[in-house]
Amino acid sequence: MPVRVLLVDDEPLVRAGLRAVLEAQPDIEVVGEAADGAAVVPLVRTLRPDVVAMDVRMPLLDGIEATRALLRTVADPPKILVVTTFENDEYVYEALRAGADGFLLKRARPAEIVHAVRLIAEGDSLLFPASVRQLAAEYGDDGNRAARATVERARLTEREGEVLRLMSRGLSNAEIAARLVVGTETVKSHVSAVLAKLGARDRTQAVITAYESGFVAPG
């Protein structure tokens, strides 16, 4: 089945460009478009996309609030890929904290756009880990009490902590398996346990919690 994508951006040219790039791929289908975040929730309920590619800055409802609304009101929500003009942007970090799964620069090359959508849809690796680390270092709160309490309550095993640290570096399940000399299915089980214990919906949220709790240093 193709990856179903909903495009949300107030610039028609951006939406047209993303549609042209994505629809050239046999395994990706653009199922709809919207010009503002306010339209995201009803469209997601109707179209059931796998990925929402959404501008972080829009005039009525921005990508941060649209992400919060989507995760708050839609059961089994799609993956959220924030699209932004600037990489080092506090808005991007706030969108990730709100629950977005990754971000993509508007100036990205076609191959990078396609890769980002596929990676977000698969969910077994962190998109642009170095950039997420940089954002956490600049805008995160590594003394966040809530994040620290979450990690303390999680009581991660030594191996789960090791997996979380490797996830934070952007390693995929297969790369973690190779590093720890275990099977991929074993790593998947550890990742699932880490997400469940942290109450994180995906590895991006788990990594942000790791950074903000001080469990992993973002620098």
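What volume does the second largest cavity have? I get about 30 Å³ for the second largest cavity. A reminder to myself before going on: this is a predicted model.

**Entry 1: the second largest cavity**

I listed what lines the second largest cavity: Leu7, Leu18, Leu22, Ala53, Leu81, Val83, Leu104, Ile113 and Val117. Sorted by class, that lining comes to 9 nonpolar residues, with no polar and no charged ones. I then asked which elements supply at least two residues of this lining. They are helix H1 (12-23), strand S4 (79-84) and H5.

**Entry 2: the largest cavity**

How many cavities of 30 Å³ or more are there? My count is 2. The largest cavity holds about 70 Å³ of space. Around the largest cavity I find Lys79, Asp101, Leu119, Ile120, Gly123, Ser125, Leu127, Asp202, Arg203 and Thr204. Helix H5 (110-122) and H11 each put at least two residues into the lining of the largest cavity. By class I noted 3 nonpolar, 3 polar and 4 charged residues for the largest cavity, against 9 nonpolar and nothing else for the second largest cavity.

**Entry 3: the second largest pocket**

Next I turned to the pockets. The second largest pocket contains about 160 Å³ of space. Its lining is made up of Lys79, Glu122, Gly123, Asp124, Asn173, Lys188, Val191, Ser192, Leu195, Arg201, Asp202 and Arg203. I recognised some names here: Lys79, Gly123, Asp202 and Arg203 line the second largest pocket and also the largest cavity. Which helix gives the most to the lining of this pocket? I found helix H10 (residues 184-198), with 4 residues. The class split for the second largest pocket is 2 nonpolar, 3 polar and 7 charged.

**Entry 4: the largest pocket**

I left the largest pocket for the end; its volume is about 250 Å³. I see 14 residues in the lining of the largest pocket, and Arg97, Gly199, Gln205, Ile208 and Thr209 are the ones that lie nearest its centre. Two or more residues of this lining come from each of helix H7 (145-154) and helix H11 (203-213). H11 has the largest share, 4 residues. I sorted the lining of the largest pocket into 5 nonpolar, 6 polar and 3 charged residues.

**Entry 5: cross-check on H11**

Where does H11 turn up in my notes? H11 supplies at least two residues to the lining of the largest cavity, and H11 also gives the largest share of the lining of the largest pocket.

How values were computed
Residues numbered from 1 in each chain as written. Predicted model: local features only at pLDDT ≥ 70, side-chain atom pairs only at ≥ 80, totals over all residues. Heavy atoms only, no water. 1 Å grid on protein atoms, 1.4 Å probe; cavity = no way out; pocket = protein on both sides within 12 Å on 5 of 7 lines; lining within 4 Å. Points joined across faces, edges and corners; volume = space filled by probe spheres on them. Nonpolar A, V, L, I, M, F, W, Y, C, P; charged D, E, K, R; others polar.
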